[in-house]
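Good morning, and thank you for joining this group meeting. I shall present one structure, beginning with its surface and then turning to charged pairs and helix packing.

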Amino acid sequence: MNNSSMRQSGQVGSNQEVENAKAIARKLFDVFDKNNSQELENNEIGPMMQEAYKCMNRNFTPSRLDVESYAKVLDKNGDGRVTLADLEAICIKYLVGDQGGFNLGGNY
């Protein structure tokens with residue numbers, strides 16, 4: 001089964017793909033957690049959003065509501081904080097595929 005069909009069937013890719021997604025999440029987190037608080041605060045999420053839009057050749061200045069809404073999307077466990085674990089879950093979901101019951105060793 002190739003990676004494409006694995007994603008379509010709801011299975012997660014290989015452990016290496018999961019680890020690569022986590023490494024990307026760590027890099028993103030390290031870049032945007034400017035105060036090293038181990039969570040992304042709204043004033044750090046806004047620049048992250050702007051950078052994502054820049055990568056798509058778009059100029060975007062998020063409003064307070066945009067940032068708050070996106071923070072809720074990123075906060076996968078609903079604890080009101082955006083942590084590395086939250087960012088890892090997002091990266092795994094979009095870069096590897098749906099978790100489909102695969103135990104990723106965390107609260108994803």
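Let me begin with a term: a helix here is a DSSP run of H or I with at least four residues, and helices are numbered from the N terminus. Please bear in mind throughout that the model is predicted.

I start with the surface. Which residues form a nonpolar patch there? They are Ile24, Leu28, Tyr94 and Leu95, and together they have about 390 Å² of accessible area. Two helices, α2 (15-32) and α5 (84-95), each supply at least two residues of this patch. Let us take Tyr94 as one of its members. Tyr94 is placed in helix α5. Its relative accessible area is 60%, and because exposed means over 50%, Tyr94 counts as exposed.

Helix α5 also contains Leu84. Is Leu84 buried or exposed? With a relative accessible area of 16%, Leu84 is buried; the cut-off for buried is under 20%. If we set aside the neighbours within four places in sequence, Leu84 is in contact with Ala25, Arg26 and Phe29. A further distance may help you to find your way around the model. Leu84 and Asp33 stand 51 residues apart in sequence, while their C-alpha atoms are 9.7 Å apart in space.

I now turn to charged side chains. In general, side chains of opposite charge can pair when their charged atoms come close. How many salt bridges does the count give? The count comes to five, and I shall describe some of them.

In helix α2, Lys22 forms a salt bridge with Glu19, and the closest N and O atoms are 4.0 Å apart. Both residues lie in that helix, three residues apart, which is about one turn. As for their surroundings, Lys22 counts as buried at 17% relative accessibility, whereas Glu19 counts as partly exposed at 43%.

A second pair is found in helix α4 (residues 64-74), where Arg64 and Glu68 are four residues apart, again about one turn of the helix. Their side chains meet in a salt bridge at 2.9 Å, N to O. Arg64 is exposed, at 63% relative accessibility, while Glu68 is partly exposed, with a relative accessible area of 28%.

The next pair consists of Asp79 and Arg81, whose closest N and O atoms are 4.0 Å apart in a salt bridge. Asp79 is partly exposed at 38%, and Arg81 is partly exposed at 36%. These two residues also belong to a network of salt bridges, in which they are linked with Glu39.

Finally, let us consider how two helices pack. How are α3 and α4 oriented to each other? Helix α3 (residues 42-55) packs with α4 at an angle of about 95 degrees, and their axes are 9 Å apart. Angles of 65 to 115 degrees count as roughly perpendicular, and therefore α3 and α4 are roughly perpendicular to each other.

Which residues meet between these helices? From α3 come Asn42, Ile45, Gly46, Met48 and Met49. On the side of α4, they meet Asp66, Val67, Glu68, Tyr70, Ala71 and Leu74. Glu68 thus appears twice in this account: it takes part in the salt bridge with Arg64, and it is among the α4 residues that meet α3.

Thank you for your attention.

Definitions and conventions: Residues numbered from 1 in each chain as written. Predicted model: local features only at pLDDT ≥ 70, side-chain atom pairs only at ≥ 80, totals over all residues. Heavy atoms only, no water. Patch = residues over 30% accessible without salt bridge, like charges linked within 9 Å, V, L, I, M, F, W, Y side chains within 5 Å. Areas by Shrake-Rupley, 256 points an atom, 1.4 Å probe, with all protein chains shown as cover. Buried < 20%, exposed > 50% of the residue type's maximum accessible area, 1.4 Å probe, protein only. Axes fitted to C-alpha atoms, helices over the stretch in contact; angles between N-to-C directions. Parallel < 35°, antiparallel > 145°, perpendicular 65-115°, else oblique. Contact = heavy atoms within 4.5 Å.
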